[in-house]
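Welcome! Could you walk me through this structure, starting with how its helices pack together and ending with its pocket?

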Amino acid sequence: MSETILQRCHQYFSAEVGFECYPFKVEWYNETVGPPFHLAYDADVLAVLVINTPKMFTRLFWPWLRNRGLGSLDEIRDPIDSCMTQFIQQFVQSLNSKCIAVQDFEMTPTRRAKVLMNVVGHISGATCYYQRSDLAYDPWDQSKRIAGLTLHPNYGGWFAYRAVLIFPDILVPCLARPQAARLLDTDEKVIDALQKYNFSWKTAAYRDVQPVTERYDDRQREYFSTEPSKRRALLKQWVDEDLRNNVAPHIGDHQNNKCVSREWNCKNFISSKFPSQNKRMLFNNPRSRHLLLDKIHKSAVNVLAGTSVLLGIFLSYQLYDFWTRVKPRVQAELSLAEEQFLKEAAGKAPEDSFD
């Protein structure tokens, strides 16, 4: 069973789409983190870490966005998170086994991360987690907080954690524990990396503190270096440019940061991976790209919503009017009628039943 699940994971979250999968046991994670972060599952339960590589932006996210159309951007809080959620949930729904997906941005009600992705990356062998506690000499003031840095052996800092998939019904007691590839082999290199990550992260220099085989392309770098509040406008600009130039979503050949354009149908690709799920594909029901129709549709929805609000206000006023004016008047009239009836009844002599 575990081999089948892992095969499905590697098949779905494939390098072709821009993903990698790393299995691990819940025990490895729980013995590394404190009790507040423990996963409440058996020690031998199988879990899988999913990360995305630089290819994901052009091979999954961009076609997904183009299929949704510009009109949907205002409805999405975070476009990439929304894409990842839909993509991951589609996989979960395709399984016959129970699977719990915890995404990188999920928090508990107390605003604590549900899963510490940096730790998962290290214990699963996907990445290496460098911390100041690993150093023989700590150059920073003890009162200063220095965040740890995770680096991928191939992509350095050019990757992202996306989710942990937990399979409560699948036990893997014999799963071999991998070792994280520690490419920064001296304290000086680790100090340099942590310094760049904590104090000049906007330059992205920390991503290249070790040799890498692939980086984000120009658009991806610009997107992630842009303030979140301005990213929608940037995406709209790019979509407009592609539509004006009749550019189809493409697969990027990111070697040497070159991009080879060719048509890419993600729906057909994913359908070929899981034919039984064709009716619930990530790219089903593409929305119209006609801006005028999008605006008309949005206006109609707004009018309908406004009408519903006005109707609700009117009904609320009628109920309020009944409760404050009509009801007291009716109660007063009933009381008066009852009082009059009692007076009339008291004024009549009781009839004697026995003559």
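In which handedness of crossing, left-handed or right-handed, does helix 1 pass helix 4? The crossing of helix 1 with helix 4 is right-handed. Keep in mind as you look that this is a predicted model.

Let's stay with that pair for a moment. Two packed helices are described by the angle between their axes and the distance between the axes. Helix 1 covers residues 2-12, and its packing angle with helix 4 is about 150°, the two axes being 12 Å apart. Because angles over 145 degrees count as roughly antiparallel, helix 1 is roughly antiparallel to helix 4. On the helix 1 side, the contact is made by Arg8, Cys9 and Tyr12, and these meet Phe87, Gln90, Phe91 and Ser94 of helix 4. Sorted by class, this contact of helix 1 with helix 4 has four nonpolar residues, two polar ones and one charged.

Helix 4 also has helix 3 as a partner. The axes of helix 3 (residues 56-68) and helix 4 come within 10 Å, crossing at roughly 95°. These two helices are therefore roughly perpendicular to each other. From helix 3, Met56, Phe57, Leu60, Phe61, Trp64 and Arg68 take part, while helix 4 brings Pro79, Ile80, Ser82, Cys83, Met84, Gln86 and Phe87. Of the residues in this contact of helix 3 with helix 4, 10 are nonpolar, two are polar and one is charged. Notice Phe87 of helix 4: it touches helix 3, and it also belongs to the contact with helix 1.

Now move along the chain to helix 7 (residues 218-225) and helix 8 (residues 231-244), which pack at about 155° with their axes 9 Å apart. That angle makes helix 7 roughly antiparallel to helix 8. Here, too, the crossing is right-handed. Arg219, Glu222, Tyr223 and Phe224 of helix 7 face a set of helix 8 residues made up of Arg231, Leu234, Leu235, Trp238, Glu241 and Asp242. Five residues of this contact are nonpolar and five are charged, with no polar ones.

Finally, look for the largest pocket, with its volume of about 1300 Å³. Its lining consists of 36 residues, and those nearest the centre are Phe159, Ala160, Tyr197, Tyr206 and Arg207. Two or more lining residues come from each of helix 4 (79-94), helix 5 (117-123), strand 5 (149-151), strand 6 (160-171) and helix 7. Which of these gives the largest share of the lining? Helix 7 does, with four residues. By class, the lining has 20 nonpolar, seven polar and nine charged residues. Helix 4 and helix 7, which you met through their packing, thus return here among the elements that line the largest pocket.

Notes:
Residues numbered from 1 in each chain as written. Predicted model: local features only at pLDDT ≥ 70, side-chain atom pairs only at ≥ 80, totals over all residues. Heavy atoms only, no water. Axes fitted to C-alpha atoms, helices over the stretch in contact; angles between N-to-C directions. Parallel < 35°, antiparallel > 145°, perpendicular 65-115°, else oblique. Left-handed = near helix turned anticlockwise from the far one by under 90°. Contact = heavy atoms within 4.5 Å. Nonpolar A, V, L, I, M, F, W, Y, C, P; charged D, E, K, R; others polar. 1 Å grid on protein atoms, 1.4 Å probe; cavity = no way out; pocket = protein on both sides within 12 Å on 5 of 7 lines; lining within 4 Å. Points joined across faces, edges and corners; volume = space filled by probe spheres on them.
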